[in-house]
Amino acid sequence: MDPQKTFLDVVRNRKSIRSFGPDGVDPSVVRRILELATNAPTNCNQQAWNFIVVTDAATKERLVTEAASNTNIRRAPVVVVVTYDGWNFKEAIQGASLAVGHMLLAAEYYGLGALPMNSYGADSGVKYILGIPDTERICCFVLLGYPDTRAEKATKVPRKPLAEALHEGAFGHSRRPPFVYDPDRWTLETLRYHQRYYCRKTSLGKEMDIMSGHERVLVKRELSGMRFPALDLCSYDGSFIREFPHGPLHTVDLTEETAAYTLAAVEQQAPHTLPLLTNTVYDEHAPRLFPGAVQTVTMIYRLERLPSDVRKALFTKTYATLERGGELIIIARHANVFLKIFFTAVKWYFGPDVRTTGIYAFFGPYRPIRIFQTVGELRRAGFSTIAWSGYFPIPTFYEQVCQMFLQYRKSEGSSYLHREIRSTVISRLLSRLLAFQGFLRAGVCGSVVVIRCKK
Ligand SMILES: Cc1cc2nc3c(=O)[nH]c(=O)nc-3n(C[C@H](O)[C@H](O)[C@H](O)COP(=O)(O)O)c2cc1C
């Protein structure tokens with residue numbers, strides 16, 4: 001504890017910590033944090049909260065494997081499960097949340113890192129493992145421990161200006177992205193607004209996309225002969241940079257936040273590429289993407305996420321940026337029959353709000369492309385030599401979808417990610433089927449297309 005810390009330091013410096021150092025936490029410190037938590041107000045002063053402190057590795061393991069809790073809890077020295085008498089839902093969430101708020105500030109005061117966590121899995125599983133009676137409602141888990149160096153160094157997640165949330169007298173104008181799947185109902189401005197805050201929802205540089213090993217191998221194969229200097233468009237979580245051959249690479253992101261995200265991701269996943277990497281933010285008013293010479297422009301699984309006007313502008317600027325003889329390489333998911341069925345089923349089951357699934361994971365909207373429409377747009381942007389091929393009639397990310405579904409079931413509908421890999425008859429069958437499918441060319445029947453355009 002730093003005796004110089006003021007209340008303002010504590011409030012302003014608190015941030016979520018998701019990776020912890022090896023030191024355990026003295027139980028007396030946990031006790032002090034919980035005592036401070038009990039200073040929080042409650043409805044009618046009921047104080048009907050309970051704090052279950054879990055430090056034992058075997059219990060954490062059971063929570064992960066049996067209740068589908070976020071695998072992060074394995075690495076947290078202390079897990080506090082916060083519950084509240086559940087006779088009244090509103091009071092339970094209000095009372096417990098205020099206690100959690102106090103806990104987080106108390107942890108910051110005592111020099112500990114903390115993470116409030118709602119991806120704790122299935123309520124029934126957690127209750128069974130920890131012996132929590134059915135009369136209780138689980139609010140969330142709070143992970144506690146000493147931050148590791150990376151977590152300590154991480155900058156704070158940006159906040160929206162207060163003016164955006166402040167309404168004088170009555171609810172006024174509110175900025176809200178459309179949160180629909182269809183990219184054409186988003187604009188460059190709403191995409192940027194969304195990404196600026198949302199891309200930092202977890203640790204900076206964490207890989208966000210849902211990609212299969214096959215799709216990754218395809219990227220590596222297609223990029224293997226590419227010429228440099230190259231430019232990668234909308235790199236966002238930087239998850240494909242490690243598949244690029246080595247050479248001078250410039251990445252262009254939509255916002256400063258996503259640009260920082262790309263750099264952090266590359267730092268973690270492909271540090272050897274850093275000396276040759278530069279990174280800027282897309283300038284929609286500039287005629288080119290980059291002032292220097294560029295031999296190759298890549299867009300790897302990004303086209304599906306862009307409104308058509310942004311897409312068309314990027315094509316035109318790519319054409320203007322490329323050297324004569326230079327190449328644009330696009331890899332994107334394509335609306336083949338299986339993907340159409342998949343997306344129709346997702347939207348039917350979860351509804352039109354893209355936030356109800358993990359699909360929008362920080363970039364925003366999502367819609368597999370249509371090849372003939374895209375080729376038409378590329379021609380209009382100036383490209384005359386366009387070749388394309390399709391792969392994977394059965395979408396290979398079905399393997400991931402299968403795992404997400406298992407996590408969804410196991411967590412009683414509360415999460416899809418942070419999962420243990422589970423082996424079932426269906427997942428094993430699917431792996432075999434996809435391995436059998438391999439990399440055969442599938443033309444318009446493919447769920448992924450590779451488009452190559454020469455200037
Ligand atoms: C109730 C609650 C539940 C949360 N659940 C998770 C979670 O399951 N996983 C996670 O990584 N972060 C979780 N967070 C952390 C938020 O992502 C984080 O608070 C937010 O991005 C703001 O960052 P900051 O806490 O560093 O200021 C949760 C936060 C709250 C308040």
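Visitor: What is the strand order in the open sheet of seven strands?
Guide: Bear in mind that this is a predicted model. The sheet is open and its pairing is mixed. Reading across it, you get S7-S6-S5-S8-S9-S11-S10.

Visitor: Which strands are the edge strands there?
Guide: An edge strand in this sheet pairs on one side only. The order starts with S7 and finishes with S10. That fits the edge strands, which are S7 (277–281) and S10 (385–391).

Visitor: By how much are neighbouring strands of this sheet turned against each other on average?
Guide: Direction is ignored for this one, so parallel and antiparallel pairs don't need separate handling. The average turn between neighbours is 15°.

Visitor: How many bridges join S8 to S9?
Guide: S8 covers residues 294–300 and S9 covers 322–333, and the two run parallel. One spot to look at is threonine 298, which stands opposite isoleucine 329 in S9. The bridges joining the two strands number six.

Visitor: What angle does the direction of helix H11 make with that of S9?
Guide: H11 spans residues 308–321 and packs on the sheet. Strand S5 (230–233), S8 and S9 are the strands it touches. Its direction against that of S9 comes out at about 145°.

Visitor: Which proline does a cis peptide bond join to phenylalanine 228?
Guide: Look in the loop between helix H9 (213–223) and S5. Omega for the bond is about 0°. The residue joined to phenylalanine 228 is proline 229.

Visitor: Where is asparagine 45, the residue with a positive phi?
Guide: Its phi is near 55°, and that's in a residue other than glycine. Asparagine 45 belongs to a loop, with helix H2 (27–37) on one side and S1 on the other. So, going by the strand and helix runs, its place is the loop between H2 and S1.

Visitor: What is the average twist in the open sheet of four strands?
Guide: The order is S1-S2-S4-S3, with antiparallel pairing. S1 (49–54) and S3 (113–117) are its edge strands. From one strand to the next, the twist averages 25°.

Visitor: Which residue stands opposite glycine 113?
Guide: S3 pairs with S4 (residues 136–145) in the antiparallel sense, over five bridges. The partner of glycine 113 sits in S4. That partner is glycine 145.

Visitor: What angle does helix H5 make with S4?
Guide: H5 (residues 123–130) packs on this sheet. The strands it touches are S1, S2 (78–85) and S4. Compared with the direction of S4, its own direction makes about 75°.

Visitor: Which residue has a side chain N or O atom 2.6 Å from an oxygen atom of the ligand?
Guide: Backbone atoms reach the ligand's nitrogen atoms elsewhere: an N or O of proline 116 lies 3.3 Å from one, and an N or O of asparagine 118 lies 2.9 Å from one. The 2.6 Å pair uses a side chain instead, that of arginine 159.

Visitor: How much of the ligand does the protein bury?
Guide: Taken alone, the ligand exposes 620 Å². The share of that buried by the protein is 71%.

Visitor: How many charged residues are in the shell around the ligand?
Guide: There are 13 residues around the ligand, and Ser16, Arg18, Ser119, Arg159 and Lys201 come nearest. By class, four of the shell are nonpolar and four are polar. The charged count is five.

Terms used: Residues numbered from 1 in each chain as written. Predicted model: local features only at pLDDT ≥ 70, side-chain atom pairs only at ≥ 80, totals over all residues. Heavy atoms only, no water. Near = heavy atom within 4 Å. Polar contact = N/O pair within 3.5 Å; in protein donor to acceptor, adjacent residues only side chain to side chain. Areas by Shrake-Rupley, 256 points an atom, 1.4 Å probe, with all protein chains shown as cover. Nonpolar A, V, L, I, M, F, W, Y, C, P; charged D, E, K, R; others polar. Pairing = 2+ DSSP bridges. Axes fitted to C-alpha atoms, helices over the stretch in contact; angles between N-to-C directions. Contact = heavy atoms within 4.5 Å.
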